[in-house]
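User: Hi! Could you walk me through this structure? I'm new to this, so plain words please.
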Amino acid sequence: MFGSCEYRCWVVGVAHFRYFCDSKMDYLPKAYISQQVMHRQRFIRLSRLRKRINRKERSGGNMLAIGSDHGGFELKELVKEYLNRQNIPYQDYGTCSTAAVDYSDIGLEVAKGVAAGEADTGIIICGTGIGISITANKVPGIRAALCTDSYMARMAREHNNANILALGGRVLGPELALDIVKTFIETPFSHSPRHQARIDKISKIEERYCIK
Ligand code: RB5
């Protein structure tokens, strides 16, 4: 690529440049250099933190609470397999078989877990998703969204900042159900002021009608 003369010039040029840089470093006060290093480290720390927050927002949070009645048990097990594959940590609030239990008991436990901050988001499943979502929405701070397709799951996060996804184990095929779960988990809230203002109004309603 180089003729021998050009190569020699290039080597000499690089050596001169290195010498220039080294001697420049000698002129720079040590305090200035360490300040630059500190700035650089702080920049790296901040961008790591920003990346972590973005990842957390995308996934809707770290810990997930999951629960179902007997009508949602099979789908719950399928969703857990998906969560395992994605390395998403979760806490299972039951039920653990197809023996009949009341959706209202499980819905309440998952909702209490999310409201108390034990989990960042939740997934609740009963036969239709109706009974268990009605139950969860009675707990202050819970916005449970019953979704029957992936578009609803995306809107539930983007517009409503829903913190619980409700599914019907007897009305959804496994492929669709898992796509709804994936969409819900991966979509962040839009943080749009107009959507936030509407959510704030829901909180006001809770405050007004909540019997302490
Ligand atoms: C249980 O049979 C069924 O009623 C329940 O899973 C749910 O669909 C209620 O909304």
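Analyst: Happy to! One term to start with: two strands pair if DSSP finds at least two bridges between them. Also keep in mind that this is a predicted model.

User: Okay, so which residue in β3 does S68 stand opposite?
Analyst: S68 stands opposite I125 in β3. S68 belongs to β1, where it points one way along with L64 and I66.

User: How many bridges join β1 to β3?
Analyst: Five bridges join them, and the two strands run parallel. In β1 that covers residues 64–68.

User: What about β3 and β5, how many bridges there?
Analyst: Five bridges, again in the parallel sense, with β5 spanning residues 164–168. One pair to look for is I123 in β3 with L165 in β5.

User: And β1 with β2? How many bridges do they have?
Analyst: β1 and β2 pair over three bridges, also in the parallel sense, and β2 is residues 90–92. There, I66 stands opposite D92.

User: Is β3 enclosed or open?
Analyst: Six of the six residues of β3, residues 121–126, are buried, so this strand is largely enclosed by the rest of the structure.

User: Which residues of β3 are on which side?
Analyst: T121, I123 and I125 are on one side, while G122, I124 and C126 are on the other, and all of them are buried. The every-other-residue pattern arises because side chains in a regular strand alternate between the two faces of the sheet.

User: And β1, buried or exposed?
Analyst: Buried: five of the five residues of β1 are, so β1 is largely enclosed by the rest of the structure too. A65 and G67 point the other way from L64, I66 and S68.

User: New topic: the core. How many residues does the largest nonpolar core have?
Analyst: It has 37 residues. Those with the most contacts inside it are I124, A136, I164, L165, A166 and L167.

User: What does A136 touch?
Analyst: Leaving out residues up to four places away in sequence, A136 touches G107, V110, A111, I124, I142, A144, I164 and A166.

User: Last one, the helices. At what angle do α3 and α7 pack?
Analyst: Helix α3 (residues 73–85) and helix α7 (residues 174–186) pack at an angle of about 55°, and their axes are 10 Å apart. That makes α3 oblique to α7. The crossing of the two is right-handed.

User: Which residues meet there?
Analyst: From α3 you have L75, L78, V79 and Y82, and they meet P174, A177, L178 and V181 in α7.

Notes
Residues numbered from 1 in each chain as written. Predicted model: local features only at pLDDT ≥ 70, side-chain atom pairs only at ≥ 80, totals over all residues. Core = buried A, V, L, I, M, F, W, Y, C linked by C-beta atoms within 7 Å. Buried ≥ 20, exposed ≤ 12 C-beta atoms within 10 Å, placed from the backbone. Contact = placed C-beta atoms within 7 Å. Helix = DSSP H or I, 4+ residues; strand = E, 2+ residues; numbered from the N terminus. Axes fitted to C-alpha atoms, helices over the stretch in contact; angles between N-to-C directions. Parallel < 35°, antiparallel > 145°, perpendicular 65-115°, else oblique. Left-handed = near helix turned anticlockwise from the far one by under 90°.
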